Amino acid sequence: MRLILAAIVLAIALGYALRGSLRNFSGARIRWPLLALAGLALQLWPVSASSSALGFALLMASFALLFAFGVLNIRNPGFPLIVVGLCMNALVIGVNHGMPVQRKALIRSGQGSTLKLLAEEGGAKHHLAGPGDDLMFLGDVIPVPMPVGQVVSLGDVFTYAGVMWFVIASMRPARRPEEAAGSVDEPPAGEGADPDEGDPQDRPLDTEQSA
């Protein structure tokens, strides 16, 4: 949670640096936001972290809701990355009945004191990686040192990058209709003139002489 909040704060700072504003968020089109809220609520619910079958089912249900939310908003900036990240995390969790956390990465992130706790009480959401875990390259193997002190997965990286992309793009000012359509081309030379006049060079010479 700390890392995603840090990513959002960094994205807002970059958005302002690129002359954006949070006021422009009113123009961001988000469909079915309740799906995202429900999915996040299931992940934060303590039962989802337990090693029980119910905890695992609730965790996978949360990914299904978040995936549906991502697909419904796939045309928004950043959402393709979010969907890819969610699929990566759901895959490794589904295969291993939980997210495997690499021991070495946990120590490098400054969380070595939690090794015993994770080994004894790890559940559907996280457990200490063992020899029976598969797809470890998708597991929590990327250490983020203090002050963040967290281990993340490749799927997390994609998801956080997508969230940052969406925030920055949504802070950009909306394009005016004339800018979106492009500038109106000038009419070609001679267009709009009286068709009866024709080209002066094509007119017959006046042969009458003044008296």
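# Helix packing and loop geometry in a predicted model

L135 sits in the loop that connects β2 (126-128) to β3. The model is predicted, and L135 has a positive phi of about 55° in it although the residue is not a glycine. The chain as a whole has eight helices and four strands. Two helix pairs that share α4 are described below, followed by single residues in helices and loops.

**Overall layout**

- Along the sequence, helices and strands follow the pattern α-α-α-α-β-α-α-β-β-β-α-α.
- The chain contains 211 residues, of which 34% are buried.
- Among contacts with a separation of 6 or more, 71% are between residues 24 or more positions apart.

**Packing of α3 against α4**

- Helix α3 covers residues 53-72 and helix α4 covers residues 79-96; their axes are 9 Å apart and the packing angle is about 160°.
- Because of that angle, α3 is roughly antiparallel to α4, the cut-off for this class being over 145 degrees.
- α3 and α4 cross in a left-handed sense.
- On the α3 side, the contact is made by F56, L59, M60, F63, L66, F67, F69, G70 and V71.
- On the α4 side, the residues in this contact are F79, V83, L86, C87, N89, A90, I93 and G94.
- Sorted by class, the contact of α3 with α4 holds 14 nonpolar and three polar residues, with no charged residues.

**Packing of α4 against α7**

- Helix α7 spans residues 154-171, and α4 packs with α7 at an angle of about 160°, the axes being 7 Å apart.
- The angle therefore makes α4 roughly antiparallel to α7.
- The crossing of α4 with α7 is left-handed.
- From α4, the contact draws on F79, L81, I82, V84, G85, L86, M88 and N89.
- From α7, the contact draws on L154, G155, D156, F158, T159, A161, G162, V163, W165 and F166.
- The residues of the contact of α4 with α7 comprise 12 nonpolar, five polar and one charged.
- F79, L86 and N89 of α4 are in the contact with α3, and F79, L86 and N89 also appear in the contact with α7.

**Individual helix residues**

- N96 belongs to helix α4.
- N96 has a relative accessible area of 10%, so it counts as buried, the cut-off being under 20%.
- A polar atom of the N96 side chain is 3.0 Å from the backbone oxygen of V92.
- Apart from neighbours within four places in sequence, N96 is in contact with H127, G132, D133 and D134.
- A53 is part of helix α3.
- The relative accessibility of A53 is 61%, so A53 counts as exposed, for which the cut-off is over 50%.
- A53 and A124 are 71 residues apart along the chain, and their C-alpha atoms are separated by 8.4 Å.

**Loop residues and backbone geometry**

- R19 lies in the loop between α1 (2-17) and α2 (33-44).
- The phi of R19 is near 70°, which is a positive value in a residue other than glycine.
- R19 counts as exposed, with 78% relative accessibility.
- When residues up to four places away in sequence are not counted, R19 touches R172 and P173.
- R19 and P173 are 154 residues apart along the chain, with 8.3 Å between their C-alpha atoms.
- L135, the loop residue introduced at the start, has 31% relative accessibility and so counts as partly exposed.
- P147 is located in the loop between β3 (142-144) and β4 (150-152).
- The peptide bond that runs from M146 to P147 is cis, and its omega is near 15°.

How values were computed: Residues are numbered from 1 along each chain as its sequence is written. This is a predicted model: local features need pLDDT of at least 70, side-chain atom pairs count only at pLDDT 80 or more; totals for chains, interfaces and linings use all residues. Side-chain values use heavy atoms; hydrogens and water are left out. Axes are lines fitted to C-alpha atoms, for helices over the stretch in contact, and angles run from 0 to 180 degrees between N-to-C directions. Helices (H or I, at least four residues) and strands (E, at least two) are DSSP runs, numbered from the N terminus. Angles under 35 degrees count as roughly parallel, over 145 as roughly antiparallel, 65 to 115 as roughly perpendicular and the rest as oblique. A crossing is left-handed if the near helix is turned anticlockwise from the far one by less than a right angle, and right-handed if clockwise. Contact means heavy atoms within 4.5 Å. Ala, Val, Leu, Ile, Met, Phe, Trp, Tyr, Cys and Pro count as nonpolar, Asp, Glu, Lys and Arg as charged, and the others, Gly among them, as polar. Buried means under 20% relative accessible area, exposed over 50%, partly exposed in between (1.4 Å probe, protein chains only). A polar contact is a pair of N or O atoms within 3.5 Å; within protein, one must be able to donate a hydrogen and the other to accept it, and residues adjacent in sequence count only if both atoms are side-chain atoms.
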